[in-house]
Every structure is written in C-alpha cells, then in structure tokens.
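Here is a short briefing to read alongside your structure. Take a moment to find your way around the fold, then follow the points below.

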Amino acid sequence: MKNKASLLQAIDLHWTDSQIIVLINPRALSQKGKTDTMVGFMKKHTALTLCVGFLSLIPLAVFSAASPEGTQTVAGLGAEITCQGFAQNETISVRILPPLGAALPLTGTADAQGTLVLHVSGEDTQMAGSYAVQTDGKGSCTSFLVLPDALDQRESSIETDRDAVAADGVDAARITVILRDRYLNPLGNRPVQLISGRTEDQIRALTAQTGSEGQQTFSFTTLKPGTAALRAIDLLSGKPLDAPVSITVGEEWGRGGTGDPSFASDTRSGGWDNAWNQGVAVPVGEYRGRTLYGQLTNTFDVVDHFRMEIEGGKTSVPIRQDTTFRVVAEDRSGRTVEDYAGTIRFSSTDPKAILPFGTRQFTLKDLGVKTFTLGLRFNTGGEQTLAVEDTPGNVQGSATVTVTGGGTTPDTSRITVTEPIEGTTVNASVVNLRGIAPPLVNLLVTGGKEIARGDSDETGNFQIAVTLNTTVTGATLQIEEASGKYKSNPLHLLIDLVGPRINAVEFSPLQPAEGQTTQITVKGEAGSAPVTMTLEGASYTLNETPSQPGTYTASFTAPVKAATYQPLVTATDRLGNKTEMLSSLTVKPKTPPTIKNLTAEAKMNAVALKWEQVAKDEADTYRVYVGDKADNFTYSLDTDASVSAATVAGLKQATTYYFAITAIKNGTESAEKSNIASATVLGLKLAVIPGDTSLMLRWSSMKKSTPLSAYLLEYGVEADNLTEKRMINGDAESYTLRDLINGVTYSLRLTPITVPGEVLKDLAATAEGTPNGAGFHPVAGSGTQIDIPLPPMPPASAVPPPGMPPATWAFLVAGAAGLVFLLIRRQRRMTLHVTSAFLQDMQRRYQL
C-alpha cells in the first residue's frame, strides 16, 4: 500500500477542455523499489500500462502535444521552437513573449533548408500560459502553450472569510481552496474534496471544480459547537494540502453573542463581536508557511504610496553587491494594501545601478508586498536613491542608502569630450563620443540606453559609440574610468529624430488635364529646407512663400497620360530629419477647346446652326445642346463627323429655342459650352379664346419674316371635314368667329397666303375651341311635352293607302333642284368676292 501511494505521487494528471495529460515525476521514481512497484502495479492495470509505457518513450523535457497555439509543454520543462521559411544560413533573432513580464530574446542560424530549432530553458518557462514568438525576418516560428506543473501541496492553500460561525446550521463560512504548482501557477479544472474531522459538520461545494484562478469554493455550516478542522484533497492526484484550516463554532458567534474566552487577554479581547467592531484580522489558514488572516472589515484604504525596504533595514550597502529589497503598497495611514495589483517600475540616482528591468506586476497573492531577491546592485559610491512608481505615475516611493566602498571623489580634469560639444542636437540613435583621457584605460559611458564601454589608446584618444534612449528628447552622458578614478564633466545633448510636419498637400487645378500647368502647395513647418515633390521620376523643389511662413509652392506640368498618380512630398529640416507623404493627383484627359461664334437661323419647323470649327485633330464630333431656356438644356444631339454646321429639325412653330455647342475628342467633351444662340421657329401659333357663341382667334405675326396678303381660315365640327372658310387680311393678328353653337367643339386651321398667292400649307396652324356662353345648348330630348287631343279615328275605308303621295314627290324634287342651284350660285359669288379682294389688295400694295 505504501508503494502504491508512492506511485500515485509519481503520476499527476492535468485536465484541459479537450484532453487529459499524464505527467511522470522522475524524481519520485529514483529509487529502485518504487520502480519495481510501478512495474507490478501496471501488470494489474493494463490500460494504464499502455498509457504510461507510451509516455515513457518520450523524453520528459520535450513532452508536448499539438494545440491551437502550436505545441504544449509543462512549466519548468522548457520548450522547443521550430522556425522555418528563412534564407539559408540566415541569422535569426526571435523574441519570446511570455504571458507576463519582459520579452526573452533568442538567436540562432538557419540550416540549409532555412529552418532552425531553438531551445527555451526551463527557467524561462515557469509561468503557465500562451507564449507568442516574434521574428525579425520573413519566416515564422511556432508559438507554444505552457501548462502548469504538478500539484504542489505546500504552495496550495485553504482560505476562509471567517474563522468562527454560530452552531445553528445557518450561519456559514465561505471556504476557498486554491491549487497551485511549485511555480505558483494556478491549477484549473481540478475537482477538490473538502473534508472535516467531525461527522456533524456540513460542507457544500459552491463550484464543481477549480476555475482559471485555481480556486474552488465551499460553504461550511454546523450544529455542533467546538472547533472544526478542515482539510482539502485534490481528487485527481489524491494528495492532501499541507495546511489545514480551523473554524471555531459557538452558540451565538457571528450573531452578537458573548464571544470566545480565548480573546480575553489579547488585542482581540471581547470575542468575535469586538473583533468585528475593531476591524482586526484573525488567522484563518496558512500559505507557504505564513499565517493567512481573514479580514472582517476593510482595514486598509486605496494605495497612497510605496514603502521601500532594503534587506535587514540597512541604511548602507556595499558598492557592487547584489542586495535584496521589497516594495510595500500602503495607504495614507501606513497600512498594507493587500489587494493591490498594479504595475510598477524602478529608477535610481545611480546611472550604473542594476535594477529590475522593465515593469513588474503585483498579483493578489503578493498581499501588497513584493520582494526582489538580489535584485539591486549599486555601482556608484555615495548617497544613492532607489525610486519606484506605478506605470500611470500616480503612486511613488523611494529609499535612500549610503553606498560604501566607492573611494575618493573622481578627478574630472583628466577626461575631456571634444566631440560633440555641449548642447549639440543630434538626429541619430547612436552618437560617437571622441575625446582625450589617460592612456590605455578602460572607459564606461553612462546616460545612454545602456552602459557603453571603450578604451583609450596609447596617446589617450578614444572614440566610443553610445546608443541613446530615443524615447526622450535629451540625454546627459558622462565618461568614467572603470575603477572610478577619473570622470568627465556631464555632456548634455538634445535628441531630435522627428522630421518636420507636413499638414496638407494641395493641387490647383484639383484635377488637371493632360499636359496642363499645375501648382502644388505644401503647408507644413516653417523653415524646412528643402521641400521637394517627386512625380514620375522628376523632382521639383518648392519655395517657401515669404508672406506665409510654412507654405511652399511650385509649378509643374501634369503628365501627358490621364491616370491617378501618387506624388511623393519630402520635407527636410536643418538636421537632416525627413518627413515623407504620399499624395494623390488625378490627371484627366485633355479636353477639346471651347467652340466660338455660334449662330442660329430660324427655318420652317427647324433652326440652322453654324459655328467656328476647331482643328480636326482636336475634335471628332460636336454635341448640340437644345433647350427652351438659356440655362436649361433639356436634350442634346451629336453630329456624325467634325463639321461646322448643323440643322435641328422637328421643332415647334413660333417657339423660341436656345442652343450651345461643345467639341468631343476620344469621348472627352469641352470643359465649357460655347456662347448661347437663340432663334424662333417660323410658322403660326394659333390660340383660341372661347366666348358666348363665338371663338376669338389670335396668332403670331409673320410680317417680319414673310410678306403675307391674307390668311385662309377653315373650320368645322369635324377635324377632317372643315366645311366653312373665311379670308382674313394678311395684316391681322386676331379674328372672331360668331354665330356658333355653344357646347360644340370646332376644329380650326389657319393657313398664310403670300403676296404672290402661294398658299403656305407647311406653316398652317391648327387648334380647337368650344364656345361656352349662356346661349342655346342643344341637348338630346330637350323640350316640353304637350298633350294634344286627337280626333276620332276614321273608318278603315277612309284611310289613304300607305306611302307618299305623288304630288309630294314632285314638290321635293323641285325643291332639291332649286337648292342646288342656289348653293352653286353662292359659291361662285364667294369666289368672285375673294378674287376681287385679292386683286384690290394687290393693286393697293403695288400703287404704294
């Protein structure tokens, strides 16, 4: 049974969301007896034998499995990173980014296939979590996931929010079990059993297993007074935690009872109530050999400052000796802020001091106190100050110590810096210091990004390259002989790596045409020189406008090909710092010239246009814009070729139209239209105004364009059968038709007749009108019904035979013949009348 227990201690299981990992602790199997026990145990458990036998074939240091992050390993075992996609024999530099803390640099050389396997030490993989890998080349490296190590019974702990409850079965204490490995990584997804030494106590699990923080919570109640001892067991490994927790059970504790007599003689006298009222802490468990206290009330405020403690409370430390110190987060009353979880960073008045690098994170398990073992080394004698602050810079703290063993004050006259001189502004991250020092001595330069080292030659001359901290705008450099015997005076330098500002880049015109002269305007920092623009391989220098400092202009010719270009604007300051900005320039195709001297001539139902033709290589066709207003062209027409005239037909008579012309070349139209020309189409425009049994007719005059002798007015009730005609004087512009029937629609046609007698049917105008007066309106079925008494019907013998009598037929024939004669005679008289009027008018015109 003892050997089986040893076997269980040698095997540990890790649960994740998708797999179970079995770990074998080789240290637990170092003894031969334990190994034999494992062999015998596996003979009885075939499934476990297969699993462990397979795992034993894999070296524990490289135990890994595929995962979404790349590979998996266990905390403290190290990892392997496979890099590929690099050039042959290329030197590869990678940065390992742990879940927390500074990046870890690694370098190596790729093989002939461009691959490389890098080994990460176990010391660098003690923190569980995802580790990302960054490269400085085109290839890639696999990331990896570090799983927690096996359960560590000493690093795990049990905590409770109360160390005393009432024995009523209701008053409950909240117990938290925290599982950790030996590197303090939380163990999640593991079930824990909390047991009591008394059968009357009731323990209820509030969570099924440990969470991401390694915590599983329980509730404790009981009806039995006394002391309950609670222990926790990890069910996967079967290991109990080293530190138990005790809870005192009283009849009225936690509810205002008399208290426990054990509090009578100490600061917590008065029992649970006094402890509650005074806000003191009471022991509730152990963690790493330290007593854990349950806080009944908040006995600390928010963090106000940091207190620095040098090892042993020392006020002096030897020079160049590693020293342990700790940082305590305190509120303004000096109480430790146990829940502080901020990030801190360090600085020192000793520029050569070795401090914890980067930022460091407080965690909740630090309980407000973070210790840095051998984390401080002063390299300069005298009084030195170690300072700490949180990353926002709101909370600070410091400690001043005397560094002993530094010797006498260094001689500052023996080391002189000749280049650069005091106050020089540099624009590079590396500066070369030149000067004179004692011959053949080792030199240290402080004040840069890191300590630079060099030496002087036999003549005392030296040249040392110093890397500057470019995140700030200045640096104070000092050269010191390695033993501290000689030191130069401080050298103050200004750092300027930022190029001049470029606020805006503008072009005029905004979108020039091919080959068009264009102006560029750059607005930026005054005093920049030179400011240039590079476009299609050509460089242009911009000049600063004297009246507008910071404004630079230049003219250039736009490219001869229509496209979108990206000119590069570069501004350089006096130190040589450059700022580059890509702009965008859209070049449009070259537009044809604007058409000039457009004229319009009215025609019958059309207008003839003429313009000044441009060169044939500048226009393929022309576009005619037509509209009824000078500022509203409703439609357009394109010519078939490059011409200088066109006729627009199908226009309304007596209507004024407006025209404009543009040229078109390769689908590109003139930027501007020609001058606007207008013309009124020849013809009549007849308007009808209804009246009472009449229609008033009005029309536009044609006297200016065509001499007329008369107008022929035709009208009727049917559009295709105008039965009535009237002759109207050629000078008239209106006429009234009378004796018409109201409510009847009449169709009208007015045709002009020239002086020679030509009837201009093409210029005839038509219209319709309906008289709307109050006179007679014919209505179907109108009239009044009158009842007339009828005489008695004659006998049948007295009724005449059916049909019209012969005498009636004779009378009707004679009447019809007379009517025809009268109509013929009336028509002849009207014709003679029209002819006579025409001849009289002609005679009158020619006599004049």
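What follows looks at one strand, its partners, a nonpolar core and a pocket. The model is predicted. A good place to start is strand β26, which spans residues 343-348. Strand β26 gives two or more residues to the largest nonpolar core, and β26 also does so for the lining of the second largest pocket.

**Strand pairing**
- Strand β26 pairs with β27 (residues 359-361) in the antiparallel sense, over three bridges.
- In that pairing, R345 stands opposite T359 of β27.
- Strand β29 (residues 382-390) also runs antiparallel to β26, and five bridges join the two.
- Here S348 stands opposite L386 of β29.

**The largest nonpolar core**
- This core has 24 residues, and those with the most contacts inside it are F306, M308, F325, V327, I344, F346 and F378.
- Besides β26, the elements that give it two or more residues are β23 (305-310), β25 (323-330), β28 (369-376), β29 and β30 (396-404).
- In soluble globular proteins, nonpolar side chains tend to be buried together.
- Leaving aside residues up to four places away in sequence, F378 touches residues including S348 and L386, as well as V317, I319, V401 and V403.
- F378 also touches R320, Q321, D350 and Q384.

**The second largest pocket**
- Its volume is about 920 Å³.
- The lining has 23 residues, with P351, F357, G448, K449 and E450 nearest the pocket centre.
- The elements that give two or more residues to this lining are β26 and β37 (474-481).
- By class, the lining residues are 10 nonpolar, nine polar and four charged.

Methods: Residues are numbered from 1 along each chain as its sequence is written. This is a predicted model: local features need pLDDT of at least 70, side-chain atom pairs count only at pLDDT 80 or more; totals for chains, interfaces and linings use all residues. Side-chain values use heavy atoms; hydrogens and water are left out. Two strands pair if DSSP finds at least two bridges between them. Helices (H or I, at least four residues) and strands (E, at least two) are DSSP runs, numbered from the N terminus. On a 1 Å grid over the protein atoms alone, a cavity is a set of points where a 1.4 Å probe fits but cannot get out, and a pocket is an open set with protein on both sides within 12 Å along at least five of seven lines; lining residues have an atom within 4 Å of a point. Grid points are joined across faces, edges and corners, and a volume is the space filled by probe spheres set on the points. Ala, Val, Leu, Ile, Met, Phe, Trp, Tyr, Cys and Pro count as nonpolar, Asp, Glu, Lys and Arg as charged, and the others, Gly among them, as polar. A nonpolar core is a set of buried Ala, Val, Leu, Ile, Met, Phe, Trp, Tyr and Cys residues joined through side-chain atoms within 4.5 Å. Buried means under 20% relative accessible area, exposed over 50%, partly exposed in between (1.4 Å probe, protein chains only). Contact means heavy atoms within 4.5 Å.
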